[in-house]
Amino acid sequence: MYKDLSITVIIPCLNEEQGIEQVMQRMPAFVDQVIVVDNGSTDRTADVAKSYGAQVIHEEVRGYGRAYKSGFDKATSDVIITLDGDHSYPVDALSYLIEALRHLDVDFLNASRFPVRDRNAMSFKHKFGNWVLSFAMSVLYFRWVRDSQSGMWVFRRRILEKMKLTSDGMAFSEEIKIEALKAGVRFQELSIQYSSRLGEIKLNPWRDGFYNLWFLLKKRFS
Ligand SMILES: Nc1nc2c(ncn2[C@@H]2O[C@H](COP(=O)(O)OP(=O)(O)O)[C@@H](O)[C@H]2O)c(=O)[nH]1
Ligand SMILES: [Mg+2]
């Protein structure tokens, strides 16, 4: 419990044995439930997560979005917080983000990685791609969103009822923000520290980048 709010943290993992260990070691004691969604990792991700007390879910169908949807089904707390298993998002910032959710009195808080302070955390290509995707989303949905691709969100679980989440892949990250905006819930963004990831990247910048742009257009005009 953090003050009057129970907290669930959900972490999708595909071969993140190194990162998940660092994330779990830093998990604050006030977190009530940690769910690690594993999609057939071939390393020790599931064992490491379990050894630190996480609830591990095995999702048969691959994909970042699919993993989140399975995780949401098992979440029981008032507030859900998400982050990657690669230790690139700040576990130390959970209380800061929950305080911000309370202080700003919002339902969905998007943790923006920008401006990136750690020089090694993101290449120029990724920064540029992120800017294009975030700009496109902002124009299409008439709402300035600096980091449409951030994987760290803090939101009240009850708003999930109002969202229609379809993506099974990396586009899930922008879809959940679009759905939050469409549902008319109170939405804000807050800057966090983003660091270089441990282990290997699962995102394919060109394939996922163009697909996410296509997904955005399809969702807006269909
Ligand atoms: N469960 C699951 N997790 C995935 C899958 N693909 C990526 N992930 C996880 O989702 C997170 C984001 O992927 P990552 O490679 O860090 O992408 P980036 O942060 O956008 O560069 C990481 O924790 C990955 O392990 C998948 O198919 N299934
Ligand atoms: Mg990552």
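1. In this predicted model, D168 is partly exposed, because 17 other C-beta atoms lie within 10 Å of its own, and a residue needs 20 or more such atoms to count as buried. D168 sits in the loop between β6 (153–156) and α6 (172–183). Once its neighbours within four places in sequence are left aside, the residues in contact with D168 are V61, G63, G65 and R66. For one of these, R66, the C-alpha atom is separated from that of D168 by 4.3 Å, although the two residues are 102 residues apart along the chain.

2. E16 is a second loop residue worth inspecting, and its place is between β1 and α1 (17–25). Is E16 buried or exposed? E16 is buried, because 29 other C-beta atoms are found within 10 Å, where 20 or more suffice for that label. With neighbours within four places in sequence set aside, E16 is in contact with T45, G85, D86 and G199. The C-alpha atoms of E16 and R44 are separated by 8.1 Å, with their positions 28 residues apart along the chain counted as the sequence separation.

3. As to the overall fold, the protein chain has 7 helices and 7 strands, and these follow the pattern β-α-β-α-β-α-β-α-β-α-β-α-β-α when read along the sequence. The radius of gyration is 16 Å, which agrees with a compact globule, because for 222 residues such a globule would have a value near 17 Å. The C-alpha trace spans about 45 × 40 × 35 Å along its principal axes. Buried residues make up 41% of the 222 residues, and, of the contacts with a separation of 6 or more, 75% are between residues 24 or more positions apart.

4. On strand pairing, β4 (79–82) can be followed in two directions. With β1 (7–13), β4 pairs in the parallel sense over 4 bridges, and in this pairing I10 stands opposite T82 of β4. With β6, β4 runs antiparallel and is joined by 3 bridges, F155 in β6 being the bridge partner of I80. Both faces of β4 are covered, since V79 and I81 on one side are buried, as are I80 and T82 on the other.

5. The largest nonpolar core has 50 residues, and those with the most contacts inside it are I11, I20, V36, I81, L109, W153 and V154. The largest share of this core, 5 residues, comes from β1. In soluble globular proteins, nonpolar side chains tend to be buried together. W153 can serve as an example from the core: leaving aside its neighbours within four places in sequence, W153 is in contact with T82, F108, L109, N110, A111 and I176.

6. Helix α3 (64–74) deserves a separate remark, because its buried residues include Y64, G65, A67, Y68, S70 and G71. What covers the buried residues of α3 includes the strands β1, β2, β3 (55–58) and β4, together with the helix α6.

7. Which residues are closest to ligand 1? The shell consists of 19 residues, of which P12, N39, A67, D84 and K202 are the closest. At least two residues of this shell are supplied by each of β1, β2 (33–38) and α3. By type, the shell divides into 8 nonpolar, 4 polar and 7 charged residues. A67 therefore appears twice in this note, as a buried residue of α3 and as one of the closest residues to ligand 1.

Methods. Residues numbered from 1 in each chain as written. Chains lettered and ligands numbered in written order. Predicted model: local features only at pLDDT ≥ 70, side-chain atom pairs only at ≥ 80, totals over all residues. Near = placed C-beta within 6 Å. Nonpolar A, V, L, I, M, F, W, Y, C, P; charged D, E, K, R; others polar. Buried ≥ 20, exposed ≤ 12 C-beta atoms within 10 Å, placed from the backbone. Contact = placed C-beta atoms within 7 Å. Rg over C-alpha atoms; globule rule 2.2 N^0.38 Å. Core = buried A, V, L, I, M, F, W, Y, C linked by C-beta atoms within 7 Å. Pairing = 2+ DSSP bridges.
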